[in-house]
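Here are a few friendly notes to read alongside the model. Keep the viewer open as you go through the points.

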Amino acid sequence: MLSRAFRHSALAASLSKTIPGVSTTAALPHLKHGILFNRAKANSCNILRTFSSSKLFNVQQHFNVRANPVDGNQVQVQWDANTESLFQHVWLRDHCRCPSCYHPQTRQRLVDTFAIPVDIKPRSVQANEGGLTVVWDNDEHKSVYEWAWLKNHSYNPPLKGKVELHSPKPVLWDASIANAPPVVQYEEVMTTKAGLAKWLDNIEVYGFSFVDGVPVSLEATEKLARHICFIRESHYSPGLWDFTSDLAHADTAYTDLALKAHTDTTYFSDPVGLQMFHKLEFDGTGGESLFVDGFKVAQSLKEQHPKAYDTLSTLKIPTHSAGDEKVMIVPTPREQSILNHLSDGTLYQIRYNNDDRSTLSNLTASQVDEFYDALRKWNDELTSDRNQYWESLEPGRVVVFDNWRVLHGRASFTGHRRLCGAYLNRDDFKSRVRSIKYSPEEKSTLL
Ligand SMILES: [Fe+2]
Ligand SMILES: [Zn+2]
């Protein structure tokens, strides 16, 4: 089965409903409030549009679209009987997609935004097979906007079904995921595009994935990490890290102590996106790895203790890393929330390592009480058996997890335990996902 990463149905379905045939009004009759469209006088023609340049556009359909300049500063596009969009002249001119205004290969703006006359107006507006065509009055420059692109970028109003660069919806999990954790095979990942897509999709959907059958070596682990993207250096390592409990760095990770569930690098302005672990050698007892779905814990907290959830989402907490002699890292801004949200309220990032918290001198007295109360409730949920997934991570089984979502920890251990792994940037991981998910045509439509 093809992975979710390869399913274009949402994009295809959304666009297929929208583009196909076109009818146009040449004249501009009776405009009211600048936007009214006069159907009676519309001089319409239907054009059957066949899209064939990519798998996204290979559906043949037709429907009516009307484009009108209006006597304000906008162009109106009527997608169907119930749907229309308005585009301001300056917006259209600034977003011209012709090769002189937008580099087709670099996908960068070439048009000089500041040379566009403030009162720019179209000389003519037409709807045709290639898209909305506008000839500008000041210099007769011709702009063509593909229908798929134009509809997907409608902002007045934003249209339902708009395809955005959203990740797949996360599937939240608890300790029962131990029965069927997401796993892919090393060979499959390294040699097939479908295997790679499935691996990346697991990480996006579940926040982690095992890779089984990995040769038990630093080289194979590094090759696997670099199959996603370059490795992020840090004060711990110039690349892949390889550690035992020798306190090579002044951090509890380099001991045999238990580590409670946490995310790494809460003290970076941009915490690491993914982490990879591979236990190469072990001849003792204990040391199992712990994983907790932070999004699931946050959801439970929100349901049971909305005030605590709100506190952890709004109060800003200072963090640091300063164990090594030459290191004193704090983030910018200095304080950060534990639960971080997009403007639409979606939780996108957890920054939580109670051990890395700095002095809480930025809070007021009542905020201190609120904070400890919320933190206790968070900790109760985080440490509940129902949420903790323990895994022994035998050599040959690599785990990769989303450090913005999945908290990790480990049991204390005795004996010799050698673990290697890597940090990867979130932006570069996501870029890799998109680069295999979207064709060049889809990229153009989405950007
Ligand atoms: Fe850690
Ligand atoms: Zn242009």
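1. Let us begin with burial: a residue is buried when its relative accessible area is under 20%, exposed when over 50%, and partly exposed in between, using a 1.4 Å probe and protein chains only. By that standard, α5 has as its buried residues G195, L196, A197, W199, L200, D201, N202, I203, E204 and V205. Put as a count, 10 of the 14 residues of α5 are buried, and the helix is mostly covered.

2. A word on the source. This is a predicted model, in which local features need pLDDT of at least 70 and side-chain atom pairs count only at pLDDT 80 or more, while totals for chains, interfaces and linings use all residues. Residues are numbered from 1 along each chain as its sequence is written, chains are lettered from A and ligands numbered from 1 in the order in which they are written, and side-chain values use heavy atoms, with hydrogens and water left out.

3. For the overall picture, the protein has 11 helices and 24 strands; these are DSSP runs numbered from the N terminus, with helices being H or I of at least four residues and strands E of at least two. Of its 447 residues, 52% count as buried.

4. Does the length of α5 come out short, long or as expected? The helix covers residues 193–206, and its end C-alpha atoms lie 20 Å apart, which agrees with the 20 Å that 14 residues should span at 1.5 Å a residue. The expected span is 1.5 Å times one less than the number of residues. Just after α5, G207 has a positive phi of about 80°.

5. Now the partner of α5. Helix α10 (residues 426–437) packs with α5 at an angle of about 135°, and their axes are 11 Å apart. That angle makes the pair oblique, the class left over once under 35 degrees is taken as roughly parallel, over 145 as roughly antiparallel and 65 to 115 as roughly perpendicular. From α5, the contact (heavy atoms within 4.5 Å) uses K193, L196, A197, L200, I203 and E204, and from α10 it uses F429, K430, R432, V433, I436 and K437. By class, seven of these residues are nonpolar, none polar and five charged.

6. Finally, a loop residue: S100 sits between α2 (89–94) and β6 (122–128). Its relative accessibility is 54%, so S100 counts as exposed. Beyond neighbours within four places in sequence, S100 is in contact with L110 and V111. The C-alpha atoms of S100 and V111 are 7.0 Å apart, with the two positions 11 residues apart in sequence numbering.

Notes: Axes are lines fitted to C-alpha atoms, for helices over the stretch in contact, and angles run from 0 to 180 degrees between N-to-C directions. Ala, Val, Leu, Ile, Met, Phe, Trp, Tyr, Cys and Pro count as nonpolar, Asp, Glu, Lys and Arg as charged, and the others, Gly among them, as polar.
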